[in-house]
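The following report describes a ligand site and a surface patch for a reader who is new to this structure.

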Amino acid sequence: MRAIVQDRYGPPGVMQLRELAEPVPGEGDVLIEMHATVATPSDVAFRTGSPFIARLFSGLLKPKTPILGDNLAGVVVAVGANVTRFKPGDRVYGSTGTLAGANAETTCVPETAALAIMPPGMSFGEAAGLADGGLTALPFLRDTGELKAGQHVLINGASGSVGTAAVQLAKLLGAEVTGVCSGRNVELVRSLGADRVIDYGVEDFTRASDAYDVIFDAVGKSSFAHCEGALKPEGIYMVGTVPTPSLLLGMLRKRGKLARFAATGLRPPADKIRDLALLSAYFHAGKLRTVIDRRYPLEQIAVAHAYVETGHKVGSVVIDIEARADA
Ligand SMILES: NC(=O)c1ccc[n+]([C@@H]2O[C@H](COP(=O)([O-])OP(=O)(O)OC[C@H]3O[C@@H](n4cnc5c(N)ncnc54)[C@H](OP(=O)(O)O)[C@@H]3O)[C@@H](O)[C@H]2O)c1
């Protein structure tokens, strides 16, 4: 099989296309023929080893696993003797988490990994994008932010992969949603269901007073200190990126306005499986969609990473795996 391998941390060029032996599934494993993955800011962090905290999971001096890539969509081609959840031919999607390995034509994961059957009508690209944005936004809003129906949430970075999922999921949770994005993405964010959209080039959302129950800065462009005034008295501020000193101080508080962070990618697979079922149901009901920006074939993943690094992708950047790509 062909795979994208990297032996050291560095710029996109450290990712090399190589021919490797196909993995052999053990008794409890599922072998998946990959059709799509996505290139994400988290993948960039694991490719560069920056911020340094990423290396606690990916390897201190060099990547622990040579094949990176978290989110996957593909078809089960073989299962181990003890596998009961899946069978050959199943279309599956999900997250390999710290096992990585999605940047390849074939990957092998335990059947207990965060995998689910793709709902009818979902393309592989949509599935890989939803595994990224949906599996991040849902636990942030519902669990970390404790967002309730009728509350007012602001989502900063509403046009990214996490943000586009967050806008839709916050509406599904019954919240009033304000999305923040640049002027070129205002119509997109509105089309996802946001009640109000703020163009960050025109208006500074942190200047609002007592406006929000929850602020979710999906792209980490604000700080708790600057957003405090915009929170209601018991409001919660969350950041999707790396915690800053101001956030950590806010996290020490016991009452009043609080700051929170969650490493949603490190959640137990069983929790992710439960959430994939919910995301699939929303998708199947036409209530949730994946926004796809650009697509690249596997061999151009370095170009995809360079684009993701600009910080201006809209929704997901899909990596189509060879001739198996779909619409
Ligand atoms: N905590 C966790 O466990 C976890 C899990 C998954 C992902 N993450 C992190 O979540 C973050 C978001 O990921 P993502 O894929 O959603 O990011 P992304 O898609 O790369 O975000 C890009 C979007 O951010 C917008 N943006 C850029 N500057 C902005 C600003 N100043 N204000 C508002 N929006 C701005 C851009 O819009 P314009 O081009 O219009 O500016 C663009 O659409 C990443 O840092 C990722 O590592 C965390």
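How far does a polar side-chain atom of Ser182 lie from an oxygen atom of the ligand? The distance is 2.3 Å, and the table sets this pair beside two others, each a polar contact (a pair of N or O atoms within 3.5 Å).

| Residue and atom | Ligand atom | Distance |
|---|---|---|
| Ser182, polar side-chain atom | oxygen | 2.3 Å |
| Thr264, polar backbone atom | oxygen | 2.8 Å |
| His312, polar side-chain atom | oxygen | 2.6 Å |

The protein covers 88% of the 940 Å² of accessible area (Shrake-Rupley method, 1.4 Å probe) that the ligand has on its own. Two or more residues of the surrounding shell come from each of helix H1 (41-48), helix H3 (124-144) and helix H4 (161-172), where helices are DSSP runs of H or I with at least four residues and strands are E runs of at least two.

The model is predicted, so that local features need pLDDT of at least 70 and side-chain atom pairs count only at pLDDT 80 or more, while totals for chains, interfaces and linings use all residues. Residues are numbered from 1 along each chain as its sequence is written, and side-chain values use heavy atoms, with hydrogens and water left out.

Around the ligand there are 28 residues, with Ser159, Ser182, Tyr200, His312 and Lys313 the closest; a residue counts here if one of its heavy atoms lies within 4 Å.

Leu266, in the loop between strand S13 (258-260) and helix H8 (269-284), is partly exposed, with a relative accessible area of 44%, the class between buried (under 20%) and exposed (over 50%).

Note on methods. Buried means under 20% relative accessible area, exposed over 50%, partly exposed in between (1.4 Å probe, protein chains only). A polar contact is a pair of N or O atoms within 3.5 Å; within protein, one must be able to donate a hydrogen and the other to accept it, and residues adjacent in sequence count only if both atoms are side-chain atoms.
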